Amino acid sequence: MHLKPIKMAVEHRPLCLQSVPVLFWTCSLLLLGCGCVPMQRDMAKEVASYTDVANQIIKLVLSGSAQKRSYERLSNFTDAIGNRVSGSHNLELAIAYMYNAMSQDGLDVHLEPVKVPHWVRGEEGAEMVLPRPKTLAMLGLGSSVGTPPEGIEAEVVVVSSFEDLKSRGANVSGRIVVFNQPFVSYGETVAYRAFGASEAAKLGAVAALIRSVTPVSINSPHTGVQDYQEGVRRIPAACITVEDAQLMARMAARGQRVVVRLNMGAKTLPDADSFNTVAEIRGWQHPEQVVVLSGHLDSWDVGQGAMDDGGGAIISWEALSVIKDLGLRPRRTLRAVLWTAEEQGGVGAQQYYQRHKANISNFDLVMESDLGTFAPVALQFTGSPAAQKVMQEVVQLLAPLNTTRLEPHGEGTDIGPWMQAGVPGASLHVEDDRYFWFHHSEGDTMSVQSPGAMDRCSALWAVVAYVVADLQDMLPR
């Protein structure tokens, strides 16, 4: 790999502070010493002083030497490694790949060990036997148990909601429940994937087939994690396509007897060793204070994991690369964290939080990209009213990207513990209307990615992270 020369790091100070006479700071210190309060700095002017630097970052990414680089890095990575489910050999290869790539990029890289779940899909298949033979496209759900070696063959009961399921009562026992719930939103509809198996098992079902949680389908099943309830018998759970769920619903509505044969070799192995992958540019004045940029490195075991969440991981690396290429070094440390085992419920991030929470007062801002790297629309932010005012000024620097809107509620499974503890958090709002078309399916490949959109995401990520890390003060809690 050809690497560009690393420029010597320089310290950028806001222009308004560079021009302040020494006398002002001397007087300020004297005032502080006597218990008086100096005049509060003009935050808007301080942030605005970063306009030139922000424009340099954006120019380098959109039309300079870093143009299309994040897309190329993502394609090289996903084409070489493929999907990367928790506990797999592919995830080990992915971590080694990113460790080496970011080290060769001149960043300070280290690995932090964690234990992660290790679920294996095994051989699987489903077939409708009656009223006519038909192969059903399916994917077992994460953490599901398998079927007996001979499989399960049973009559189907089709339901459209949990309420509908409960109304069937005794008719559910000994049958396979097919959930044909409509897609309302991911946040609402995903409950069927998460809890459908246990709810069906409470009524005696022998397996659960969940309509894939997606608004659009071309006979494509979408997997994901499911959650068995304590004290409830564990039954096999898989997702089927929208088309097949609707087909069986129509047949059942006509009074036809629907029978399905299901085979799943799924099993859960002992927890595996894994790592969160961490790369840094250490701050020149307050290296102990940190701005975190992040995405998760693991994926499901289908597709390439390019959208979910290879793109988020890559732009977090790319942001540090761009800042390094420009010879910039902020006051505080910039830390890119590529999480492991996010898909199993943020397992790697939870262990990271437990390891570092004693130092929580030094975490300035936590950022996560995990809803795709399509064209950015806004920055989402969770923080105090005072911090929101600061961030409102920061996003004005993104005018060349046409993303100057600050929206409430930063999102991210991995940064959730930090935000709940009061650390400001930010996430990307992108044009994500197509996100759940490909989510957790074989369709999550490089074909859904756009070089131009990834460039804009990378530029936004770099500007926000650098400016916040270099401001005179941390974001107010």
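How much space lies in the largest pocket? About 530 Å³. I will start there, then go through the cavity, the aromatic pairs, one helix and some backbone details. One caution beforehand: this is a predicted model, and every value I quote is computed from it.

The largest pocket is lined by 25 residues. Closest to its centre are Tyr186, Glu342, Asp370, Thr413 and His439. By class, the lining divides into eight nonpolar, ten polar and seven charged residues. As for where they come from, α8, β18 (425-430) and α14 (435-438) each supply at least two of them. Helix α8 gives the largest share, four residues.

Now the enclosed space. Searching the whole structure for cavities of 30 Å³ or more gives one. The volume of the largest cavity is about 40 Å³. Which residues line the largest cavity? They are Ser299, Trp300, Val302, Gly305, Asp308, Glu343, His440, Ser441 and Asp444. In terms of class, that lining holds two nonpolar, four polar and three charged residues. Please keep Asp308 from that list in mind, as I return to this residue under the backbone.

Next, the aromatics. The whole structure contains 13 aromatic pairs. I will take two of them. In the pair of phenylalanine 162 and tyrosine 192, the ring centres are 4.2 Å apart and the planes meet at 15°. Stacked pairs need planes under 30 degrees apart, so this one counts as stacked. Where do the two residues sit? Phenylalanine 162 belongs to helix α7 (residues 162-168) and tyrosine 192 to helix α8 (residues 186-201), so the pair ties together parts 30 residues apart in sequence. Helix α8 is the one I named for the pocket, with four residues in its lining. Both partners are buried: phenylalanine 162 has a relative accessible area of 17%, and tyrosine 192 has 13%.

The second pair is phenylalanine 363 with tryptophan 418. Here the centres are 4.2 Å apart and the planes lie at 25°, so this pair is stacked too. It also links distant parts of the chain, with phenylalanine 363 in strand β15 (residues 363-368) and tryptophan 418 in helix α13 (residues 416-420), 55 residues apart. Buried or exposed, for phenylalanine 363? Buried, at a relative accessible area of 0%. Tryptophan 418 is buried as well, at 1% relative accessibility.

That second pair is part of a cluster. Trp339, Tyr352, Tyr353, Phe363 and Trp418 form one aromatic cluster. Two of its members, Tyr352 and Tyr353, bring us to helix α11 (residues 347-356), where they are buried along with Val347, Gly348, Ala349 and His356. What covers the buried residues of α11? The cover includes β2 (108-120), β11 (267-281), β14 (332-339), β15 and α13. Strand β15 and helix α13 are the elements that hold the stacked Phe363 and Trp418.

One more ring contact. Arginine 73 lies over the face of tryptophan 317, at 3.9 Å from the ring centre.

Last, the backbone. Which peptide bond has omega near 0°? The one from aspartate 308 to aspartate 309, which is cis. Aspartate 309 is placed in helix α10 (residues 306-325). As promised, this brings back Asp308, one of the residues lining the largest cavity. A second cis bond runs from leucine 130 to proline 131, with omega near 5°. Proline 131 sits in the loop between β3 (124-130) and β4 (134-136).

There are also two asparagines to mention. Asparagine 219 is not a glycine, yet has a positive phi of about 60°. Its place is the loop between β8 (207-211) and β9 (237-240), and at 34% relative accessibility asparagine 219 is partly exposed. Asparagine 402 likewise has a positive phi of about 60°. This residue is in the loop between α12 (385-395) and β17 (406-408). Is asparagine 402 buried or exposed? Exposed, at 65% relative accessibility.

To recap: a pocket of about 530 Å³, a cavity of about 40 Å³, and a five-membered list of cluster residues, Trp339, Tyr352, Tyr353, Phe363 and Trp418. That is what I have for today.

Definitions and conventions:
Residues are numbered from 1 along each chain as its sequence is written. This is a predicted model: local features need pLDDT of at least 70, side-chain atom pairs count only at pLDDT 80 or more; totals for chains, interfaces and linings use all residues. Side-chain values use heavy atoms; hydrogens and water are left out. Rings of Phe, Tyr and Trp (its six-membered ring) pair if their centres lie within 6.5 Å; planes under 30 degrees apart count as stacked, over 60 as edge-to-face and the rest as tilted. Buried means under 20% relative accessible area, exposed over 50%, partly exposed in between (1.4 Å probe, protein chains only). A charge sits over a ring if NZ of Lys or CZ of Arg is within 6 Å of the ring centre and within 35 degrees of the ring normal. On a 1 Å grid over the protein atoms alone, a cavity is a set of points where a 1.4 Å probe fits but cannot get out, and a pocket is an open set with protein on both sides within 12 Å along at least five of seven lines; lining residues have an atom within 4 Å of a point. Grid points are joined across faces, edges and corners, and a volume is the space filled by probe spheres set on the points. Ala, Val, Leu, Ile, Met, Phe, Trp, Tyr, Cys and Pro count as nonpolar, Asp, Glu, Lys and Arg as charged, and the others, Gly among them, as polar. Contact means heavy atoms within 4.5 Å.
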